[in-house]
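Q: Please take a close look at the ligand site in this predicted model. I would like one connected account of what surrounds the ligand and where the site lies.

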Amino acid sequence: MRIRFALAGLVAALVATGAVQAQDFKPRIVRFGYGLVDNSNQGRAARMFAQEVEKASGGKMKVRAIGNASLGSDTQMQQALIGGAQEMMVGSTATLVGLVPEMAVWDTPFLFSNAKEADVVLDGPVGDKIKAKLEAKGMVGLVYWENGFRNLTNSKRPVAKLEDLNDIKLRVMQNNVFLDSFKALGANAVPLPFSELFTALETRAVDGQENPYNTIVSSKFYEVQKYLTVTNHVYSPWIVTVSKKWWDGLSAAEKKVLQDAAIKSRDFERKDTREEAAKALADLKGKGMQVNELSAAEANRMREKLVSVNAGIAKSVGQQTWDEVNAAVQQARNA
Ligand code: TF8
């Protein structure tokens, strides 16, 4: 009797110190791919995630954060995750629309009016529901990170009114919402993967692009783009995903380490991104970009053109998802 109690006590003590958990971790290399440069908000958060995972797994799980699209563009990495050739990645939800049509709802122009609304909706039930749809496609979605509010740059002319966009060849992300949005604005929209964007701008294969300030800074688009228009036309999320094939072979303890670290990385990334974005516009002006704000009247004209694509988005994501997301936004707005 006494020995049994003593043993039970020993086991409890071992569990409490975490010594027993060591058996729950196998040595693993986790390739975590991303598209931006190392010195970017994406890179910093990927490295923070790597450190957290390594620490929490007692050094058993080693995350290799691999940027610059060295493992491929967003869509190429998604295929590698699905096939089990790569473990993890972070990328734009916009590039997942081909696999999960509901993801297109996040590309709705002016869906969120501030970052707080985005956090509440993306981290809430409807954000989870859309994220969960990845599983049937071979990926597990862990958390949404912030890419941010997108702004327009080009090398041709200052864009101060709608008509200024008319003959501008504008690179957009590879999905129909972005294509339709910028066609509605009168631009010549060309879908291209992000990994080809700098060269396309440099060689003037395209005149312009749109991305958050952070990316315009980190990808050095200011070197090849003279004009920036503050449009904040859409909030883009990033999403951290795992190969389902690989995930299914992990222990519960390993999964928990990844999940917890993902949440920590999300909180870190959003804070870092917002701090950087707040300074970035001044930074870009300092680098010689000519920045112009839209007059209220012109902003409204663009807004009206852009919301004309909403009916198409509702159709492709399904009316129910559309309604749920919009109700969640309203709720967040009124809170
Ligand atoms: C874009 C996105 C990119 C992301 C990134 C490579 O314009 O905003 O920043 O896809 O993960 O393609």
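**The ligand and its surroundings**

A: In this predicted model, a polar side-chain atom of Asp74 is placed 2.9 Å from an oxygen atom of the ligand. Two further residues can be described in a similar way: Arg171 has a polar side-chain atom 2.7 Å from an oxygen atom of the ligand, and for Asn211 the distance from a polar side-chain atom to an oxygen atom of the ligand is 2.7 Å. The ligand taken alone would expose 320 Å², and the protein buries 98% of that area.

Asp74, Arg171 and Asn211 belong to a wider shell, since 13 residues surround the ligand, and the closest of these also include Asn147 and Arg150. By residue class, the shell around the ligand consists of four nonpolar, six polar and three charged residues.

As for where the site lies, the ligand sits in the largest cavity, and the structure holds three cavities of 30 Å³ or more. The largest cavity contains about 240 Å³ of space, and 21 residues line it, those closest to its centre being Leu36, Asp74, Ser92, Phe194 and Trp238. Asp74 therefore appears in both descriptions, being among the residues closest to the ligand and among those closest to the cavity centre. The lining of the largest cavity divides into seven nonpolar, 11 polar and three charged residues.

The domain arrangement completes the picture. Domain 1 (24–100 + 108–146 + 237–278) and domain 2 (151–235 + 282–334) each contribute residues to the shell around the ligand, and because both do so, the ligand lies between them. The lining of the largest cavity likewise draws on both, with at least three residues coming from each of domain 1 and domain 2.

Definitions and conventions. Residues numbered from 1 in each chain as written. Predicted model: local features only at pLDDT ≥ 70, side-chain atom pairs only at ≥ 80, totals over all residues. Heavy atoms only, no water. Near = heavy atom within 4 Å. Polar contact = N/O pair within 3.5 Å; in protein donor to acceptor, adjacent residues only side chain to side chain. Areas by Shrake-Rupley, 256 points an atom, 1.4 Å probe, with all protein chains shown as cover. 1 Å grid on protein atoms, 1.4 Å probe; cavity = no way out; pocket = protein on both sides within 12 Å on 5 of 7 lines; lining within 4 Å. Sits in = over half its atoms within 2 Å of the grid points. Nonpolar A, V, L, I, M, F, W, Y, C, P; charged D, E, K, R; others polar. Domains from an automatic or database assignment. Points joined across faces, edges and corners; volume = space filled by probe spheres on them.
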